[in-house]
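This report looks at the interior of a protein model and at the surroundings of its ligand. The sequence and structure come first.

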Amino acid sequence: MDHNRQKKIAVIGDLTGFGRCSLTVSVPVISKLKIQCCPVPTAILSNHTAFRSCFIHDFTDHFLDYTSEWKKLGLKFSGIYTGYLGSREQFAYVTDFIRNFRTEKTIITVDPVMGDNGRAYRGFSDEMFTEMKSLISLADIITPNLTEACILTDTPYKDSGWRMRDLDAMIRKLGQMGPGKIVITGIPQGNFIANLSFEGGNIEKITRQYRIGDQRFGTGDIFASVIAADAVNGIPFALSVRRASRFVRRCILKSIEMELPQTDGVAFEEVLNYLR
Ligand code: PXL
């Protein structure tokens, strides 16, 4: 039996019941882009970690049993996309997963989820930062936000006043760490939010959008899901970055219109039809 007739992406991330992040946005977004999405849960949470309290069940101990069944089925993936990892030990498992399941054609997207607004998410340690630096060396594409780009390159974070020269140095440093395609998201530039992308060693592009309200949870996961799916669908990287940011913008605008609390993720369901 051939289980590999349709393109599919293995998505490694957490299953979070409330707050629309990780798998609860990756699965619908990737599916909408006509790719079969196969989740590997890293943890099960009642709600994401930015709420005052949450239940977390770490799934590290089941990673190998879960993924070895996929080996038995002979599954092959057009893409592997990793997001939030719940424990330090998971980095070794994810690295082995990539080595075991990668084919010549598999596109590896690593969203180095670690923090935002200059701060690490709850539960992230210096050791996990070091692990993330090795994980990105296996990636074809990475999608750090500004905070994560700073962590990966040991650059001090600041809220504003980024000069092009400094951003340039940072993205090149990331490029030297392995990935061929990089987009740094959420760079504040006055009334604008910019994304800086890098491809094939030297093509750089900065795209800006008017800042609309504050940041909302899960938008990085939506962005990276579009990038991972587009890459598998053969869409040029620069176009994909534009599509992803435009879609995220639509999601934020809808959420503002519906007056959703910032913690609750974005109302992507309302605008998913625009993604095609
Ligand atoms: O969107 C990033 C993210 C993913 N998963 C979990 C999180 C967060 C951010 O807080 O808590 C569980």
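## Trp70 and its aromatic partner

In this predicted model, Trp70 has a relative accessible area of 12%, and because buried means under 20%, Trp70 counts as buried. Phe77 is likewise buried, with a relative accessible area of 3%.

Across the whole structure, a search finds 13 aromatic pairs. One of these is formed by Trp70 and Phe77, whose ring centres lie 5.4 Å apart with 45° between the planes, a geometry classed as tilted. Tyr84 and Phe124 form an edge-to-face pair, with 5.6 Å from centre to centre and 75° between the planes.

## Nonpolar cores

The largest nonpolar core holds 45 residues, and the members that touch the most other members are Trp70, Phe77, Phe97, Leu135 and Ile184. Leaving aside residues up to four places away in sequence, Ile184 is in contact with Pro144, Asn145, Leu146, Ala149, Met170, Ile171, Leu174, Ala194, Asn195 and Leu196.

Apart from this largest core there lies another one, made up of 33 residues, which include Val25, Val226, Val232 and Val271.

## The ligand and its shell

The ligand is surrounded by Asp14, Thr16, Cys21, Ser22, Leu45, His48, Thr49, Tyr84, Val113, Tyr121, Phe217 and Asp221; Tyr84, named above as the partner of Phe124, is thus also one of the residues around the ligand. Sorted by class, the shell consists of six nonpolar, four polar and two charged residues.

Three side chains can be described through their distances to ligand atoms. An N or O atom in the side chain of Asp14 is 2.9 Å from a nitrogen atom of the ligand, whereas the side chain of Thr49 places an N or O atom 2.6 Å from a ligand oxygen atom. For Asp221, the distance between a side-chain N or O atom and an oxygen atom of the ligand is 2.8 Å. Of the 320 Å² of accessible area that the ligand has on its own, the protein covers 97%.

Terms used. Residues are numbered from 1 along each chain as its sequence is written. This is a predicted model: local features need pLDDT of at least 70, side-chain atom pairs count only at pLDDT 80 or more; totals for chains, interfaces and linings use all residues. Side-chain values use heavy atoms; hydrogens and water are left out. A residue is near a molecule or strand if one of its heavy atoms lies within 4 Å of it. A polar contact is a pair of N or O atoms within 3.5 Å; within protein, one must be able to donate a hydrogen and the other to accept it, and residues adjacent in sequence count only if both atoms are side-chain atoms. Accessible areas come from the Shrake-Rupley method with a 1.4 Å probe; for residues, only the protein chains shown count as cover. Ala, Val, Leu, Ile, Met, Phe, Trp, Tyr, Cys and Pro count as nonpolar, Asp, Glu, Lys and Arg as charged, and the others, Gly among them, as polar. A nonpolar core is a set of buried Ala, Val, Leu, Ile, Met, Phe, Trp, Tyr and Cys residues joined through side-chain atoms within 4.5 Å. Buried means under 20% relative accessible area, exposed over 50%, partly exposed in between (1.4 Å probe, protein chains only). Contact means heavy atoms within 4.5 Å. Rings of Phe, Tyr and Trp (its six-membered ring) pair if their centres lie within 6.5 Å; planes under 30 degrees apart count as stacked, over 60 as edge-to-face and the rest as tilted.
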